[in-house]
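This report covers a helix pair, two ligand shells and one residue with its contacts.

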Amino acid sequence: MYDVLSKHAADFIHDGEILDTLDYAAANKSNRPLIESLIDRAREGKGLSHREAAVLLDCDQDDLNEQIYALASEIKHKLYGNRIVMFAPLYLSNYCVNGCVYCPYHYKNKTIARKKLTQEEIAREVIALQDMGHKRLALEAGEDPVNNPIDYILESINTIYGIKHKNGAIRRVNVNIAATTVENYRRLAEAGIGTYILFQETYNQANYEALHPTGPKHDYAYHTEAMDRAMDGGIDDVGIGVLFGLNLYRYDFVGLLMHAEHLEAAKGVGPHTISVPRICPADDIDPANFSNAISDDIFAKIVAVIRIAVPYTGMIVSTRESQKSRERVLKLGVSQISGGSSTSVGGYVEREREEDNSAQFEVSDTRTLDEILGWLLELGYIPSFCTACYREGRTGDRFMALVKSGQIANCCQPNSLMTLKEYLEDYAAPETKAKGEQVIADEMRHVPNEKVRRIAEERLVKIAAGERDFRF
Ligand code: SF4
Ligand code: SF4
């Protein structure tokens, strides 16, 4: 039976409830009064249930779909302003014992180069990332208890936080590793990680088991209940996501929202972020073999309706998406993007070596971080390297309370400007610097709170004079 509070995956991601929801959405896809009432209610910014969101996703009325897109943009702008948080992935090891059929790291793939970084190599990667201007990383590693045990991950986090190169520092390490025990999550929390990220891939159990035929990841319940264990282990911020294209997108869309509802109901706080990757080419992987791959239009609709349904959850797209696709979804709800990414193990130091095919997927947006920043500025966004909430202990329910009350915006906008200023001083190309300085000057005029503006102005002067680390 469907039970949002249950600790069992089969109850909170209840197959029957998802199928009923899909029937309900299909039956109401042209129901104009219902859709109009949902749009009106969603405008209050309090979100929608998975059933209601499924109706908007299925809506087949062109004019109402335009209203859905407009509302997504409105909510995005109201809650997130024009800032976009930047991050980069850091691949530690591509050894993996699992058999995921959509990922080139699956253990049977003999054509991929297997690598695991030493602590010295991690230090070099981190310096290369700091030299680009990154402050926030997402650690990635395959599941392999022999090659990538939890002690290796913890040692790597410690190494990363310890590197201070010129004015650089990694201020938030998010971690994307396999589902693990409460005890291991407790150790990750104690190591000071930011968000624990784990994608469900698909919420359809039968499909999930077929796509993960071997290895510990085959266990659907253990994987689906991982976020509950992570929170029991003291990790406040968790990031969920599915790999769109593995299964029927409507099913996974509903499952994703039910997962968010479960965490909110059972743990008191929903997911910190939702990621929306789509299946893409890689060594040994051809997206044409996945018949559920989704179009750009459906992808945009998914992003828009997630924004409406869970307004307070950050949304992430990676460099899997092209520049064009990213530009479209930034308007509709995405609040974090990666930039200048390498998806190879050791790829920041040795980018040029083509024969080292250790990448997890092909990067579609191959621009440098500086090019991406220039582009964002041109589009009217403020690229932000802010990590202040994590550094000030504003995580989990404390963070959500501030976001829901709207108070967080007082911090986000000036902090994004301060961290952009740091970037411009330390790493920007002259053209990006000129654009960025102009944006900062314009935006400072619009900081609504007089006291905040004065503090920000003082800090801008100090940053220009070389001072760093104001706990942004
Ligand atoms: Fe391993 Fe993760 Fe790739 Fe699966 S998706 S093969 S668990 S690295
Ligand atoms: Fe993110 Fe908090 Fe910084 Fe705002 S103040 S940009 S929510 S870290």
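In this predicted model, helix α15 (residues 369–379) packs against helix α19 (residues 430–444) at an angle of about 35°, and the axes of the two helices are 10 Å apart. The crossing of α15 past α19 is left-handed. On the α15 side, the contact is made by Asp370, Leu373, Gly374, Leu377 and Glu378, while α19 contributes Thr432, Lys435, Gly436 and Val439. Sorted by class, this contact between α15 and α19 has three nonpolar, three polar and three charged residues.

Two ligand sites follow. The shell around ligand 2 consists of Arg83, Cys386, Thr387, Ala388, Cys389, Arg394, Phe399, Ile408, Cys411, Cys412 and Asn415. At least two residues of the shell around ligand 2 come from each of α16 (388–391) and α18 (409–426). Helix α18 supplies the largest share of that shell, with three residues. The largest cavity is the space taken by ligand 2.

Ligand 1 is surrounded by Cys96, Asn98, Cys100, Tyr102, Cys103, Tyr105, His106, Gly142, Lys217 and Gln360. The table sets out the class make-up of the two shells.

| Shell | Nonpolar | Polar | Charged |
|---|---|---|---|
| Ligand 1 | five residues | four residues | one residue |
| Ligand 2 | seven residues | two residues | two residues |

The charged residue in the shell around ligand 1 is Lys217. In the shell around ligand 2, the two charged residues are Arg83 and Arg394, and the two polar residues are Thr387 and Asn415.

The last item is a single residue, Ala128, which is part of helix α6 (residues 119–132). Which residues does Ala128 touch, not counting residues up to four places away in sequence? Ala128 touches Tyr348 and Val349. A separation of 27 Å lies between the C-alpha atoms of Ala128 and Phe199, which are 71 residues apart along the chain.

Conventions
Residues numbered from 1 in each chain as written. Chains lettered and ligands numbered in written order. Predicted model: local features only at pLDDT ≥ 70, side-chain atom pairs only at ≥ 80, totals over all residues. Heavy atoms only, no water. Axes fitted to C-alpha atoms, helices over the stretch in contact; angles between N-to-C directions. Helix = DSSP H or I, 4+ residues; strand = E, 2+ residues; numbered from the N terminus. Left-handed = near helix turned anticlockwise from the far one by under 90°. Contact = heavy atoms within 4.5 Å. Nonpolar A, V, L, I, M, F, W, Y, C, P; charged D, E, K, R; others polar. Near = heavy atom within 4 Å. 1 Å grid on protein atoms, 1.4 Å probe; cavity = no way out; pocket = protein on both sides within 12 Å on 5 of 7 lines; lining within 4 Å. Sits in = over half its atoms within 2 Å of the grid points.
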